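Notebook open, structure loaded. I'll jot down what I look up as I go.

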Amino acid sequence: MATSPFSLLILLLLVVLVPALVAASAVQDPELVVKDVERSINASRRNLGFLSCGTGNPIDDCWRCDPNWEKNRQRLADCAIGFGKQAVGGRDGRIYVVTDSGDDNPVNPKPGTLRFAVIQDEPLWIIFARDMVIKLKEELIMNSFKTIDGRGASVHIAGGPCITIQYVSNIIIHGLHIHDCKQGGNANVRDSPTHYGWRTISDGDGVSIFGGSHIWVDHCSLSNCHDGLIDAIHGSTAITLSNNYFTHHDKVMLLGHSDTYTQDKNMQVTIAFNHFGEGLVQRMPRCRHGYFHVVNNDYTHWEMYAIGGSAAPTINSQGNRFLAPDNRFSKEVRALL
Ligand SMILES: *[C@@H]1O[C@H](CO)[C@@H](O)[C@H](O)[C@H]1NC(C)=O
C-alpha cells in the first residue's frame, strides 16, 4: 500500500506534537540547561574582585548589587537559573502590598490579606507592609503568575497549613520563613475569584507542588513541618529550588511520589546553593524518574542519607559539599538495587 503524502504529514505532525503535549514544560535536552547553569556560575565567579560586590552566586549577584533593588523588585524574576529559570511570577503585573496578617475566612478572604492576593487571576508581585507572622487557617492555594516577595520584611508563614501550588504555573516564592506547617483540610478554600472547593486533609508540607510548572523557590528558610519541607509530585516540572536554608526536619524534599507514576519522567528540577543544615534526617532530595541537577549545595547535617532516588532518576550532582557526621554508615556512597 502506498503511503499518501497526507498521511505522512499527519504522522510527522504526531511525532512533533505528541511529545510537546505530554511534556509542555520539560525541555528536550536537560544537559543544555545544566551547561547554562555552569556558564552563569562561571560568569559570576569571573566578576569577583576586590572592589566588586559580587559573591560568585549568579542569582544573588543579579540583583543584590543594585542599591535601588527595592525600586526594581520585579527584576528578581530575571535572576533565576536552571529548570525554573522561565518562571516569571508576577513580573508583568502590579505590586500588591499585604497589610493584614489575618486569615479569618479562607472562602472569602479580606482585601489586604496574603490569601486575597494569591487567588487573583491577574499577575501580582506581592510584598509586605511590615514584619508579620501569618498563621493560615487552611492551605494557601495559589493561582498562576504570582510572586510572594518577602524582601525588606521578616515574614513567617507558620503554625498552620502552608503553601500549595496545584495545577498552576509561574510562581516565585522568595524570602519567607516557612515553618511548623500543619495539616489542614475538611474545609472549603478559595483558589480563584470565581471558584472555591472542598479540600480533603492536606499533607502538611511547607511548600507542596502538585502538577505545577515554572516554579522558583529562593532564599526561604524551612523547618519542622508535618510532612515534607518542599515536595513536588504529580507531573510537576520546570522547577528551581535555590539559596534555601533547611533545618530541623525528617523528610526534607520528595521529588516524585511513586515509582509507578511514570508521568514524573518529565520532572526536571535544579537544586542549587541551598544549605542543608542541622537536625535533618533524609531526602535532600529523594528523587524519582526525572532529571535532577543538584549543584553547589552545602550539606552539613544528615542522619540517614543526603541524596537518594529510585525508579531510574538521573541525578547530576556537581560541586556539592558534604560534611558527613562522624558515623561510618553516614559516609557511604552506594547504589541500592
Ligand atoms: C566552567 O568553569 C569550569 C572550571 O574552569 C570549566 O571546567 C567548565 O567547562 C566551565 N563551564 C562552562 C559551561 O563554561
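Started with a strand pair: β7 (residues 163-166) runs parallel to β12 (residues 207-210), and I count 4 bridges between them. I'm using DSSP runs here, numbered from the N terminus: helices are H or I of at least four residues, strands are E of at least two. Two strands pair if DSSP finds at least two bridges between them. I also looked up Gln166, whose bridge partner in β12 is Phe210.

Note to self on the source: this is a predicted model, so local features need pLDDT of at least 70 and side-chain atom pairs count only at pLDDT 80 or more, while totals for chains, interfaces and linings use all residues. Residues are numbered from 1 along each chain as its sequence is written.

Next, the sheet around that pair. I find an open sheet of 7 strands, paired in parallel, in the order β4-β7-β12-β15-β19-β23-β26. Its edges are β4 (140-141) and β26 (308-310), each pairing on one side only.

Then I checked the UniProt record, an unreviewed entry, which puts "domain: Pectate lyase" at residues 131-328. UniProt positions are in the numbering used here, feature names are shortened, and annotations may be inferred rather than shown by experiment. Over that stretch I get 0% helix and 50% strand, with the end C-alpha atoms 44 Å apart.

Whole protein: 4 helices and 28 strands. The radius of gyration is 21 Å, close to the 20 Å from the globule rule for 337 residues, so the protein is as compact as a globular one of that length. (Radius taken over C-alpha atoms; the rule is 2.2 Å times the number of residues to the power 0.38.) Along the principal axes, the C-alpha atoms fill a box of roughly 70 × 55 × 45 Å.

Looked at Val34, which sits in helix α2 (residues 30-46). Is Val34 buried, exposed or partly exposed? It is partly exposed, because 18 other C-beta atoms lie within 10 Å; 20 or more would make a residue buried and 12 or fewer exposed, with C-beta atoms placed from the backbone. By that count 46% of the 337 residues are buried. Leaving out residues up to four places away in sequence, Val34 touches His293 and Asn316 (contact: C-beta atoms within 7 Å).

Last, the ligand. Lys35, Glu38, Arg39 and Asn42 surround the ligand, near meaning a C-beta atom, placed from the backbone, within 6 Å. I sort that shell into no nonpolar, 1 polar and 3 charged residues. (Nonpolar is Ala, Val, Leu, Ile, Met, Phe, Trp, Tyr, Cys and Pro; charged is Asp, Glu, Lys and Arg; the others, Gly among them, are polar.)

How values were computed
Contact = placed C-beta atoms within 7 Å.
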